[in-house]
Amino acid sequence: MAKYTPMIQQYLQVKAEYQDAFLFFRLGDFYEMFFDDAIRASQELEITLTSRDGGGEERIPMCGVPYHSSPNYIEQLIDKGYKVAICEQTEDPKQAKGVVRREVVQLVTPGTVMEGKGLSDKENNYIATLTHLDDTTYGLAYCDLSTGESKVTQVSNVFTDVLNELATIGAKEMVIDPDFSVEGQRLLSARGNVTLSFEKNDSLTEKAHELLSGVEQENLQKTVSRLLNYLYRTQQRSLDHLQPVELYEVYQFMKMDYYSKRNLELTETIRSKGKKGSLLWLLDETMTAMGGRLLKQWIDRPLINRTEIEKRHLIVELFKESFFEREDIRERLKEVYDLERLSGRVAFGNVNARDLIQLKKSLEQIPALKEVILGLGNDLSDHLAEKMDPCEELTSVLEEALVENPPLSIKEGNLIRDGFNNELDQYRDASRNGKTWIAQLEKDERERTGIRSLKVGYNRVFGYYIEVTKANLHHLEEGRYDRKQTLTNAERFITPELKEKEALILQAEEKSVDLEYELFLGIREKVKAYIPRLQLLAKTVSEIDVLQCFATVSEKRHYTQPLFNEERRIVIKDGRHPVVEKVMDRQEYVPNDCYMDKEREILLITGPNMSGKSTFMRQLALTSILAQIGCYVPASEANLPIFDQVFTRIGAADDLISGQSTFMVEMLEAKNAITNASTESLILFDEIGRGTSTYDGMALAQAIIEYIHENIGAKTLFSTHYHELTALEEQLQMVKNVHVSAMEHNGKLVFLHKVKEGAADKSYGIHVAELAELPAKLINRANEILNELEKKGEKSTEKQTPVKKQDDSLAQLSFFSEEIKEKTSNEEKVSTKEKRIMDEIKNLDILEMTPMEALNVLYKLQKKMKG
Ligand code: ADP
């Protein structure tokens, strides 16, 4: 090392401590990077790579970013999952003997960002830790540093509970013991976007002790301590906004594994991984960022305690019924700023006066918000209102201290109101008087010299000056003015008395700017003392926001309040899939009923591909989840059991991350459901067994149904394209067949999306292939093969055709009316007869008809048409 210059040696020493981070090494107005860091950073940030002489034989690669634009570069690196160590000069370069002392003052990591692009308003940003408690149990703690919220729980099974919790939390960074098993580390990093960090120290500091007052178990305290020690070590500041750590148990909430959450697209869609198209997207009518984050937390953790759920329903009902009050609440909430993150930034020491003005405006909404909610006159809502603390004294302090529109910078003055501080007022008077004097000077000088264009101006370099154009110079009195600067057309002068005033003004201004900064810091300290109260307020406000959001969505989308029963009965009338319905427009969506009870534990769903089987299944799960997070549900009537867990195996969810085959994932998900479900659970199995050969798959599917029937008794929806399975209804008492209807018309397939009792008549696979526009030649050949197979008797699915004939009458009626509609839409050619028939058709609800009724109506209409 000796061959390098002292500064590079210093760099290398610091870098050795931060191997896994980019080291931003402060040199004057720049952060510089050297060696490999420089090469990688220049690629990642697309900045120029240069080199410098470092005393060694070869030049050292180097690149740098200006200090003032560094936040942007840091954000980019964090966004890519890197860490950045910020190394500052910690002594005045003028005082330094030899190399200036430098130290890392903060390590910025994906899990510890406090502002900027790395933080999304409506999402928490968690950093988590996982520690072994004993052979089979783990302590899991996580913290959102930007809001100060921390939680801890104990989990037992790595492959289910641990991974599920981690998936729910979606932590960006995991802090673990350096001795954590290599295999464990691999598993954690395989879970996608998480940066691993290490912390050995799990000893309990005094501060940790304080935050952990609600957690008694010693080893869980250690879990949290490791995380806190990491945060303090990397952030090197007080972190006064950390809230007491909350202990929870995973079984306090409806359990859903990683796959189920993903399959149901609760917070993001499978395809785009974005929020759009998810349940969260549909529901998000929150008005505040805090409410948005809480909504996501609630969706991730539906409740199972009936009283708690019903409390939420009650307030939703109250809000829903009180339209004007709700609008008022929404308007008020719109003005409430992110109090949680603001508190975090106050503690961190990076709020400006604009933030505090927003805080003031937020607090000003609270009294009115309280009043509206108190006006609803209900115990539960009263309780919510009373929990809101408007922190009035703080509002007044901010009101008295800060101007309405302060600048972004807190170091350039113009923040503090006149009258707030005597000394400041004096400086300001001095500077204002001086300025008046100068304005007067301009007048006086114009009069004295007779030069109308004479100006008094100011610039940073020369200060105040008197400017006279060259043409007018001869009017000036000799010896009175000192020439200061020559421009093309004018000369600038000063006078001794102008200089004197200037000194007074500038001094006063400098002093007042300094004083304003000091006063601002004082105000910030005052706000700091309010952090716990602001955080409590934030909690209540976000709760109110989510509840009003539920009320708003429920009204807008015509949802109903679900009721619950203890008999494990499901009664859903006119149920809809909330997201599909929104996307496709309510008019077109075909509502469906769902009825299940002790005699109907398992519904076996048949019907062609694309008919709506999996939509029907998801609809039930989403309805239950909506009910259990406290929202209303998309149905005209709903009475539900409270589900302890929901399992799904839907669609082809290849697990690309862990590199398992589709069929393997399918079996793992099936196993997971079967081993963990209870009678209180809901299982959705979509086309299980499809990923292998026919007999293989069918055998597995049947065995799974039998197993659930005999051993679990969970409510199960099982869709299948194996028609052979519909015979199970005869053998297994609690299995019932339903089918999603479709019809053939002129050899084409029409979907009705209506779920009906009984098994479907056939599987229509070739029709779907035709819809997908496979070549006609191929389709014809498929039909030939099918015929041959059917002749050979190998295909047994055609044996049952109980509903086919009848479905045809519905199909014909439906087509007859479509034809008429089409004709009548073309105005010119319409006969009165057709118009009359059209009117009759308008009033028909074909989907609600029995096939016999349809046949009668069709017959009547056809007669009218002819006669
Ligand atoms: P399957 O599981 O039977 O293959 P899906 O449930 O995937 O079918 O449904 C296919 C498409 O049919 C859906 O994307 C949706 O657009 C439409 N669909 C499903 N159910 C309904 C319904 N009840 N009303 C209207 N359209 C529906």
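**Close-up views of the cavities**

**View 1. Residue classes around the second largest cavity.** Sorted by class, this lining holds two nonpolar, five polar and three charged residues. The model is a predicted one, so please read each view with that in mind. The second largest cavity has a volume of about 90 Å³.

**View 2. Who lines the second largest cavity.** Here you can find T160, D161 and N164, together with K255, M256 and D257. Q645, F647, N672 and N676 also belong to this lining. Two or more of the lining residues come from each of α4, β13, β23 (645–649) and α22 (662–676). Of these elements, α4 gives the largest share, with three residues. Seen by domain, at least three lining residues come from domain 2 (126–252), and at least three from domain 5 (563–771).

**View 3. The largest cavity.** With a volume of about 130 Å³, this is the largest cavity in the model. Its lining includes D161, N164, E165 and T168, and α4 supplies the largest share, four residues. Also in the lining are V250, F253, M254, K255, M256, K261, D300 and R301. Two elements give two or more residues to it: α4 (158–169) and β13 (255–256).

**View 4. Residue classes around the largest cavity.** Which classes make up this lining? Six residues are charged, four are nonpolar and two are polar.

**View 5. All the cavities together.** If you would like to look further, the model has six cavities of 30 Å³ or more. The largest has a volume of about 130 Å³, and the second largest about 90 Å³.

Note on methods. Residues numbered from 1 in each chain as written. Predicted model: local features only at pLDDT ≥ 70, side-chain atom pairs only at ≥ 80, totals over all residues. Heavy atoms only, no water. 1 Å grid on protein atoms, 1.4 Å probe; cavity = no way out; pocket = protein on both sides within 12 Å on 5 of 7 lines; lining within 4 Å. Points joined across faces, edges and corners; volume = space filled by probe spheres on them. Nonpolar A, V, L, I, M, F, W, Y, C, P; charged D, E, K, R; others polar. Domains from an automatic or database assignment.
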